[in-house]
Amino acid sequence: MAKYDVKFSCGHTEVKELFGPTKDRYSKIEYWEKYGICTECYREQKKAEAKIEAEKNGLQEKEVSYKEYKQNYADCKTVPGSYNGETKTIKIYCK
């Protein structure tokens, strides 16, 4: 096990902890440098994809309390990374 600073193809650098044979580690790092995106860019990409999918299906974005989400909107999709621990709210896509 070792930690490596990896500069992803998106231009951001992130520390990754890798296991296994050294040649496999360097192979994975090489792949990330050519084709991979960092965790933050990945989250933003997933958010954008979810928004496009919601718009395509005619869904609206709505912010509700987490409790209300669990009780009334459990079948609705959540906006990735939208939970706010301070206000205990979450954004969802619903009709």
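What percentage of the 95 residues of the protein chain count as buried? The figure is 23%, and it comes from a predicted model.

**Overall build**

Let's start with the fold. The protein chain has three helices and five strands. Walking from the N terminus, you meet them in the order β-β-α-α-β-α-β-β. The chain is more spread out than a compact globule, because its radius of gyration is 18 Å, well over the 12 Å that the globule rule gives for 95 residues. As for extents, the C-alpha trace spans about 50 × 30 × 20 Å along its principal axes.

Now for contacts and surface. Take the contacts in the protein chain with a separation of 6 or more: 45% of them are between residues 24 or more positions apart. The chain exposes about 7100 Å², and 48% of that area is supplied by carbon and sulfur atoms. On the charge side, there are 19 positive and 16 negative charges, and their mean positions are 3 Å apart.

**Aromatic pairs**

How many aromatic pairs does a search of the whole structure find? It turns up five. One of them joins Tyr-31 and Tyr-35, whose ring centres are 5.2 Å apart; their planes meet at 45°, so the pair is tilted. Both tyrosines belong to helix H1 (residues 22–35), where they sit four residues apart, about one turn of the helix. Tyr-35 counts as exposed, since its relative accessibility of 56% is over the 50% cut-off.

Another pair brings together Tyr-66 and Tyr-83. Here the ring centres are 5.4 Å apart and the planes stand at 80°, so this pair is edge-to-face. It links distant parts of the chain: Tyr-66 is in helix H3 (residues 66–72), while Tyr-83 is 17 residues away in the loop between strand S4 (77–78) and strand S5 (89–94). Tyr-66 and Tyr-83 also share one aromatic cluster with Tyr-69.

**The loop between S4 and S5**

Tyr-83 has company in this loop. Pro-80 lies in the loop between S4 and S5, and Lys-88 has its place there too.

Which residues does Pro-80 contact, leaving aside its neighbours within four places in sequence? They are Lys-46, Lys-47 and Ala-50. If you want a distance to check, the C-alpha atoms of Pro-80 and Ile-90 are 9.5 Å apart, with the two positions 10 residues apart in sequence numbering.

Lys-88 is worth a look if you're going through backbone torsions: its phi is positive, at about 55°, although Lys-88 is not a glycine.

Here is how the residues discussed above come out on accessibility:

| Residue | Relative accessibility | Class |
|---|---|---|
| Tyr-35 | 56% | exposed |
| Lys-88 | 52% | exposed |
| Tyr-83 | 43% | partly exposed |
| Tyr-66 | 32% | partly exposed |
| Pro-80 | 28% | partly exposed |

Why does Lys-88 count as exposed? Its relative accessibility is 52%, and exposed means over 50%. Tyr-83, at 43%, falls between the 20% and 50% cut-offs and therefore counts as partly exposed. The same reasoning puts Pro-80, with a relative accessible area of 28%, in the partly exposed class.

Key:
Residues are numbered from 1 along each chain as its sequence is written. This is a predicted model: local features need pLDDT of at least 70, side-chain atom pairs count only at pLDDT 80 or more; totals for chains, interfaces and linings use all residues. Side-chain values use heavy atoms; hydrogens and water are left out. Helices (H or I, at least four residues) and strands (E, at least two) are DSSP runs, numbered from the N terminus. The radius of gyration is taken over C-alpha atoms; the globule rule is 2.2 Å times the number of residues to the power 0.38. Buried means under 20% relative accessible area, exposed over 50%, partly exposed in between (1.4 Å probe, protein chains only). Contact means heavy atoms within 4.5 Å. Accessible areas come from the Shrake-Rupley method with a 1.4 Å probe; for residues, only the protein chains shown count as cover. Lys and Arg count as positive and Asp and Glu as negative; His and the chain ends are not counted. The place of a charge is taken as NZ of Lys, CZ of Arg, CG of Asp or CD of Glu. Rings of Phe, Tyr and Trp (its six-membered ring) pair if their centres lie within 6.5 Å; planes under 30 degrees apart count as stacked, over 60 as edge-to-face and the rest as tilted.
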